[in-house]
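Reader: I have this model open beside me at the bench, and I would enjoy a close look at one single part of it. Please choose the part and take me through it piece by piece.

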Amino acid sequence: MTVMELFDLAGQVAIVTGGARGLGRQAALALAEAGADVAICDLLVAEGEQTQRELEALGRRSLFARVDVTQSAEIETFVQEVVERMGKIDILVNNAGMPSSGLALEDESHDSWRRMIDTNLSGMFYVAQPVAKHMIGRKEGGVIINVASINSFIISNILPRHNVPYCVAKGGVAQLTRGMASDWAPYNIRVNAIAPGYMATTMTAASRHYPEIVERLTANTPMKRYGKEEEIKGTIVYLASCASSFMTGSIVVLDGGTTIW
Ligand SMILES: NC(=O)c1ccc[n+]([C@@H]2O[C@H](COP(=O)([O-])OP(=O)(O)OC[C@H]3O[C@@H](n4cnc5c(N)ncnc54)[C@H](O)[C@@H]3O)[C@@H](O)[C@H]2O)c1
């Protein structure tokens, strides 16, 4: 195999959660451009259907379903539908996620805490479990990519907020990644994570309206800018493909250098 052939995903089938917009949409487009058929799920129906059309315009099979990653029954139905309509699942990108309430810990409600942990941490387990069962049953291996964050390692300093519930959930994603990698390596399922820094998506749009926050974050980042959405594409294809065939349990940081300082 030549090095470019290592990145080829022709004939593969992928699922991307939270694939309607932002980093998930870019991940889905990257996998499709590399040759994969891509199923996406999200809470946002209009955006999801639009991304599905973009994937089909690339000449790939695609489907979109409205799925909440905290709801096991919806996930089971979606995974079954993907297998029935697309034949199999080779790749899962666990990307769906939400921002913190922004409240200090002493003011955080328990409902809000539970929703954060359920969506940003447990949701990745809820989706990966039926997908891994399918992969184990098929005996052809597979790849899982969890979207973690630099907040898997450091507490956010977008003062006055530290977004602790988000950081705790993403810290859990790092350990979940290592745990899945350990349990599923015998089945040739590789599990890695991407830890983006500050990316210019809808999730960070509100905070980007405050010049003092933009100034603080870019000052803390050696490359002095936010990442662009599409800058996740290369790492997604690398981790999804044979190019990373000896890699599992790793967390690839993609942050313009923020965590250096
Ligand atoms: N933008 C950043 O700076 C940044 C940095 C590090 C990590 N991340 C992570 O990247 C991932 C994508 O974030 P983004 O920046 O593209 O944000 P985004 O808000 O644009 O996209 C997140 C997507 O997830 C979907 N989603 C949320 N909850 C869901 C649920 N319960 N079920 C199904 N779908 C759900 C949303 O509808 C949305 O389409 C998230 O996990 C986020 O935590 C983002």
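Author: Let's begin with a term we will need throughout: two strands pair if DSSP finds at least two bridges between them. Strands themselves are DSSP runs of E with at least two residues, helices are runs of H or I with at least four, and both are numbered from the N terminus. Please keep in mind that this is a predicted model, in which local features need pLDDT of at least 70 and side-chain atom pairs count only at pLDDT 80 or more, while totals for chains, interfaces and linings use all residues. Residue numbers start from 1 along each chain as its sequence is written.

The part I would like to show you is the sheet. The protein chain has nine helices and seven strands, and seven strands form an open sheet with parallel pairing. Reading across the sheet, the order is β3-β2-β1-β4-β5-β6-β7. The edges belong to β3 (62-66) and β7 (251-254), each of which pairs on one side only.

A good place to step in is β1 (residues 13-17). On one side, five bridges join β1 to β2 (residues 37-42), and the two run parallel. One link to look for there is Thr17, whose bridge partner in β2 is Cys41. On the other side, β1 pairs in the parallel sense with β4 (residues 91-94) over three bridges. Here you can find Ala14 with its partner Ile91 in β4, and Val16 with its partner Val93 in β4.

Is β1 enclosed or open to the outside? Five of its five residues are buried, so β1 is largely enclosed by the rest of the structure. Buried means that 20 or more other C-beta atoms lie within 10 Å of a residue's own; exposed means 12 or fewer, and partly exposed is in between, with C-beta atoms placed from the backbone. Both faces of the strand are covered: Val13, Ile15 and Thr17 sit on one side, Ala14 and Val16 on the other, and all are buried.

Ala14 also leads us into the core. A nonpolar core is a set of buried Ala, Val, Leu, Ile, Met, Phe, Trp, Tyr and Cys residues joined through C-beta atoms within 7 Å. The largest one here has 70 residues, and Ala14, Leu31, Val38, Ile236 and Ala240 touch the most other members. Helix α5 (residues 110-138) gives this core its largest share, nine residues. Such a grouping fits a broad tendency: in soluble globular proteins, nonpolar side chains tend to be buried together.

Ile236 deserves a click of its own. Leaving aside residues up to four places away in sequence, Ile236 touches Ala27, Ala30, Leu31, Val93 and Ile145, where a contact means C-beta atoms, placed from the backbone, within 7 Å. You have already met Val93 as the bridge partner of Val16.

Ile145 carries us further across the sheet, where its bridge partner in β6 is Asn192. β5 (142-147) and β6 (189-196) pair in the parallel sense over six bridges. Next comes the edge: β6 and β7 are parallel too, with four bridges, and Pro196 has Leu254 as its bridge partner in β7.

β6 itself has eight of its eight residues buried, so it is largely enclosed by the rest of the structure. Ile189, Val191, Ala193 and Ala195 point one way, Arg190, Asn192, Ile194 and Pro196 the other way, and every one of them is buried.

Two asparagines in the loops around these strands have unusual backbones. Most residues other than glycine have a negative phi. Asn163, however, has a positive phi of about 45°, and it is found in the loop between β5 and α6 (164-184). Asn188, in the loop between α6 and β6, also has a positive phi, near 60°. What about their surroundings? Asn163 counts as buried because 21 other C-beta atoms lie within 10 Å, whereas Asn188 is partly exposed because 15 do.

Finally, step back to the whole chain. Of its 261 residues, 45% count as buried, and the C-alpha trace spans about 50 × 40 × 35 Å along its principal axes. Among contacts between residues at least 6 apart in sequence, 73% join residues at least 24 apart.

Technical notes: Two residues are in contact if their C-beta atoms, placed from the backbone, lie within 7 Å.
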